[in-house]
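Work through these exercises with the model open beside you. Try each task before reading its solution.

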Amino acid sequence: MSNWLEHTVQVEVDAPIEFVWSLWSDLQQMPRWMKWIDSVTILPDNPELSRWKLATGGLEFSWQSRILKQIPNQIIQWESVDGLPNRGAIRFYDRDTSSVVKMTVAYAIPGFLGQLMDNLFLGRVVESSLKADLERFRDYAMNAQAALDV
């Protein structure tokens, strides 16, 4: 038995949406700004599938995800097909000279973990971590854009 928790966080990036999209849609680069993501591997025989590995505090989880919907400069939606149950979407909003990146993530808390931790506490930790990840992405994007401008 699992409980599902969902979080939505967003950040504004001072860069054009095409640039922001190009950085985020390169899934294998996610460990650069997502603290707990150890690796992302796109499956060569099916690029809609990817293998993810999360490692934190001595715990390690992995899962395979499938892209359900991908519209350039607008949305990437996924769901796990094995391993750690999760689903979500990254939405991109064009603000002319900037872009808003909005991430919604839902995940199932395994019964044993739910018994060990208060879901409210765990939810706050995950949400603050996701927000920090988006802030690192914003910094990553700004540094990448500055490197192009040189």
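Buried means under 20% relative accessible area, exposed means over 50%, and partly exposed covers what lies in between. At 32% relative accessibility, D82 therefore counts as partly exposed. Keep in mind that this is a predicted model.

**Exercise 1. Find the salt-bridge partner of D82 and place both residues in the chain.**

Step 1. Look for the partner. The side chain of D82 meets that of R51 in a salt bridge, at 3.1 Å from N to O.

Step 2. Place the two ends. R51 sits in strand β3, and D82 sits in strand β5 (residues 75-83). They are 31 residues apart, so the pair links distant parts of the chain.

Step 3. Classify R51. Its relative accessible area is 29%, so R51 is partly exposed.

**Exercise 2. State how many salt bridges the structure holds, then analyse the one between K53 and D38.**

Step 1. Take the total. The structure holds five salt bridges.

Step 2. Recall the principle. Side chains of opposite charge can pair when their charged atoms come close.

Step 3. Check the distance. The cut-off is 4 Å between the side-chain nitrogen and the carboxyl oxygen. K53 and D38 meet at 3.4 Å, N to O.

Step 4. Place the ends. K53 belongs to strand β3 (residues 49-56) and D38 to strand β2 (residues 37-42), so this bridge ties together parts that are 15 residues apart in sequence.

Step 5. Classify both. K53 has 27% relative accessibility, so it counts as partly exposed. D38 has 43%, so it is partly exposed too.

Step 6. Look for further links. D38 and K53 join E60 in a network of salt bridges.

**Exercise 3. Describe the salt bridge between D139 and R138, and decide whether each residue is buried, partly exposed or exposed.**

Step 1. Read the distance. The closest N and O atoms of D139 and R138 are 3.8 Å apart.

Step 2. Classify D139. A relative accessible area of 41% makes D139 partly exposed.

Step 3. Classify R138. At 28% relative accessibility, R138 also counts as partly exposed.

**Exercise 4. Count the aromatic pairs, then trace the ring cluster that includes W33.**

Step 1. Count. The whole structure has six aromatic pairs.

Step 2. Start with W24 and W33. Their ring centres are 5.3 Å apart, with 40 degrees between the planes, and the pair is tilted. Both W24 and W33 are buried.

Step 3. Move on to W33 and F137. This pair is edge-to-face, with 4.8 Å between centres and 65 degrees between planes. W33 lies in the loop between α1 and β2, while F137 lies in helix α3 (residues 119-149), 104 residues apart. F137 is buried, as is W33.

Step 4. Complete the cluster. Ring pairs link W24, W33, F137 and Y140.

**Exercise 5. Characterise the largest nonpolar core and list what M103 touches beyond its sequence neighbours.**

Step 1. Size the core. It has 36 residues. Those with the most contacts inside it are V13, W24, M30, F92, V101, M103 and F137.

Step 2. Find the main contributor. Helix α1 (residues 17-24) supplies the largest share, six residues.

Step 3. Examine M103. Set aside its neighbours within four places in sequence. M103 then contacts H7, T8, V9, W24, M34, A89, I90, L130 and L134.

**Exercise 6. Identify the residue that lies over the face of W4.**

Solution. R87 lies there, at 3.9 Å from the ring centre.

How values were computed:
Residues are numbered from 1 along each chain as its sequence is written. This is a predicted model: local features need pLDDT of at least 70, side-chain atom pairs count only at pLDDT 80 or more; totals for chains, interfaces and linings use all residues. Side-chain values use heavy atoms; hydrogens and water are left out. A nonpolar core is a set of buried Ala, Val, Leu, Ile, Met, Phe, Trp, Tyr and Cys residues joined through side-chain atoms within 4.5 Å. Buried means under 20% relative accessible area, exposed over 50%, partly exposed in between (1.4 Å probe, protein chains only). Helices (H or I, at least four residues) and strands (E, at least two) are DSSP runs, numbered from the N terminus. Contact means heavy atoms within 4.5 Å. Rings of Phe, Tyr and Trp (its six-membered ring) pair if their centres lie within 6.5 Å; planes under 30 degrees apart count as stacked, over 60 as edge-to-face and the rest as tilted. A charge sits over a ring if NZ of Lys or CZ of Arg is within 6 Å of the ring centre and within 35 degrees of the ring normal.
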